[in-house]
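The exercises below concern side-chain contacts and helix packing, and each is followed by a worked solution. Please look at the sequence and the structure before reading on.

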Amino acid sequence: MTQHKRLPQIGPRLGLFVLTLLLIEFLDEFVYGAREAAWPLIRADLGLSYAQIGALLGVPAIVSSVVEPILGVLGDAWKRRALVLGGGALFCLSLLLTSVSHSFTLLLLSFILFYPACGAFVSLSQATLMDVGSTRREHNMARWTLAGSLGVVVGPLVLGAAVALGMGWRTLFAGFAALALLLLVLASCFRFGDGRTEEEVIDLKTAFAGVWQALKRGAVLRWLVLLQFSDLMLDVLLGYLALYFVDVVGVTAGQAATAVAVWTGVGLLGDVLLIPLLERVPGLRYLRLSAAIKLVLFPAFLLVPAFGVKLALLGLLGLFNAGWYAILKAQLYSTMPGQSGTTMAVDNIFGFIGALVPWGLGLIAGRFGLQVTMWLLLLGPLVLMIGLPRTGQSTGR
């Protein structure tokens with residue numbers, strides 16, 4: 001079995017190291033939350049079509065699904081610190097490029113750079129966090145998710161403030177680049193798992209073979225499939241949420257940003273409540289119950305016409321999003337102990353199919369309308385209901 005990188009013995013600096021990892025996730029989701037709320041503004045500024053928006057969401061993810069598996073394997077077999085810091089530098093550059101994009105082509109290029117940058121800077125930081133406390137992966141993943149949820153909530157709020165102050169989305173992205181640079185400097189103070197012993201050295205051939213072996217395991221495939229379908233009610237829904245409220249519900253861009261803030265804000269509350277909940281209720285049992293509830297809530301959200309009622313139902317949907325990513329991803333890491341970078345690699349290889357989904361939904365929305373397209377997102381909770389193991393069923397084989 002592939003051995004994971006031994007974390008540096010940083011003693012009293014361990015807390016600061018973990019905080020740095022969580023801040024990296026916070027910044028990533030901070031940017032993401034602002035960008036998803038800014039789609040109506042970006043579309044109006046650049047004159048984008050649904051197909052182009054779908055391409056902006058899908059093409060960079062496809063490119064990333066090719067690059068990130070290699071980064072994951074190198075994260076186990078090579079210099080993880082160099083990969084993280086290099087990704088951080090590219091993260092800064094891509095945000096700066098986004099801020100000056102005045103055409104679809106340039107914006108697409110900035111996104112293509114941003115996605116693999118996140119793979120090196122953010123995903124390898126997550127893998128490192130999983131190595132910090134291998135016996136408490138679910139707990140640490142819940143903390144990671146909470147940091148991300150906080151970023152997603154703050155993003156739309158900061159965007160709204162920037163628009164109100166007349167700065168616009170471009171200035172905001174330039175500010176993100178500056179914050180990323182500061183965080184990169186902080187991250188450079190740590191080793192990110194470099195410095196393993198000679199006996200722990202892994203050659204690349206063995207590391208890549210480990211990816212193929214993992215992809216043939218049924219337990220690994222189960223969690224990869226469930227993660228992809230769960231994303232329909234997570235990032236995919238968020239990606240089209242503001243446009244849905246503007247184009248289908250018929251509200252203003254400001255009201256759409258409010259809707260995104262409600263969804264993410266209540267989701268943050270759910271992530272806070274999840275940590276004590278998992279002490280009392282098995283994670284898989286909770287996931288099954290929340291999926292069943294969302295099978296009822298989401299159709300109701302789509303069918304009711306009143307904006308206020310939609311906001312209330314949207315808040316409930318955000319609440320029951322809690323734990324979907326954290327629990328499923330922790331289960332995936334648990335099936336591959338000691339292979340955190342390889343876990344990232346197989347997730348991204350399998351994510352190639354998932355990367356096609358936003359693009360496909362954009363094409364469907366362009367032909368049949370966004371209102372019809374939104375119903376396809378129900379596949380998320382439906383597949384979870386079918387694919388989650390029953391309580392007590394073994395998941396490690």
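What follows is a set of four exercises on this predicted model.

**Exercise 1.** Determine how many salt bridges the structure holds, and state how far apart in sequence the parts tied together by Asp45 and Arg170 are.

Solution. The count for the structure is four salt bridges. Take Asp45 and Arg170, whose closest N and O atoms are 3.1 Å apart, which satisfies the cut-off of 4 Å for a salt bridge. Next, place the two residues: Asp45 belongs to helix H2 (residues 39-46) and Arg170 to helix H7 (residues 168-187), so this salt bridge ties together parts that are 125 residues apart in sequence. Finally, consider the accessibility of each partner, given that buried means under 20% relative accessible area. Asp45, with a relative accessible area of 41%, is partly exposed, whereas Arg170, at 15%, counts as buried.

**Exercise 2.** For the salt bridges of Arg35 with Glu36 and of Lys329 with Asp347, decide whether the partners are buried or exposed, and find what else Arg35 lies over.

Solution. Begin with Arg35 and Glu36, whose side chains meet at an N to O distance of 2.7 Å; both of these residues are buried. Arg35 also lies over the face of Phe111, at 4.9 Å from the ring centre, and this is within the 6 Å allowed for a charge over a ring. Lys294 is likewise placed over an aromatic face, that of Trp324, at 4.5 Å from the ring centre. Turn then to Lys329 and Asp347, which form a salt bridge at 3.3 Å, N to O. Since Lys329 lies in helix H14 (residues 324-335) and Asp347 in helix H15 (residues 340-368), the pair ties together parts that are 18 residues apart in sequence. Lys329 and Asp347 are both buried.

**Exercise 3.** Classify the ring pair of Phe26 and Phe30 and that of Trp169 and Phe173, and name the cluster that ring pairs build from these residues.

Solution. A pair of aromatic rings is described by the distance of the centres and the angle of the planes. The structure has 14 aromatic pairs. For Phe26 and Phe30 the values are 5.6 Å centre to centre and 35 degrees between the planes, and the pair is tilted. Both residues lie in helix H1 (residues 14-37), four residues apart, about one turn of the helix; Phe26 is partly exposed at 22% relative accessibility, while Phe30 is buried at 8%. For Trp169 and Phe173 the centres are 6.1 Å apart and the planes stand at 85 degrees, so this pair is edge-to-face. These two residues also lie four residues apart, about one turn, in helix H7, and both are buried, Trp169 with a relative accessible area of 5% and Phe173 with 3%. As a last step, follow the ring pairs, which link Phe26, Phe30, Trp169, Phe173 and Phe176 into a cluster.

**Exercise 4.** Describe how helices H3 and H5 cross, and say into which classes the residues of their contact divide.

Solution. Two packed helices are described by the angle between their axes and the distance between the axes. The axes of H3 (residues 50-77) and H5 (residues 104-132) come within 8 Å and cross at roughly 30 degrees, and the crossing is right-handed. The residues of the contact of H3 with H5 divide into 18 nonpolar, six polar and one charged.

Methods. Residues numbered from 1 in each chain as written. Predicted model: local features only at pLDDT ≥ 70, side-chain atom pairs only at ≥ 80, totals over all residues. Heavy atoms only, no water. Buried < 20%, exposed > 50% of the residue type's maximum accessible area, 1.4 Å probe, protein only. Phe/Tyr/Trp six-rings, centres within 6.5 Å; stacked < 30°, edge-to-face > 60°. Lys NZ or Arg CZ within 6 Å of the ring centre and 35° of its normal. Axes fitted to C-alpha atoms, helices over the stretch in contact; angles between N-to-C directions. Left-handed = near helix turned anticlockwise from the far one by under 90°. Nonpolar A, V, L, I, M, F, W, Y, C, P; charged D, E, K, R; others polar.
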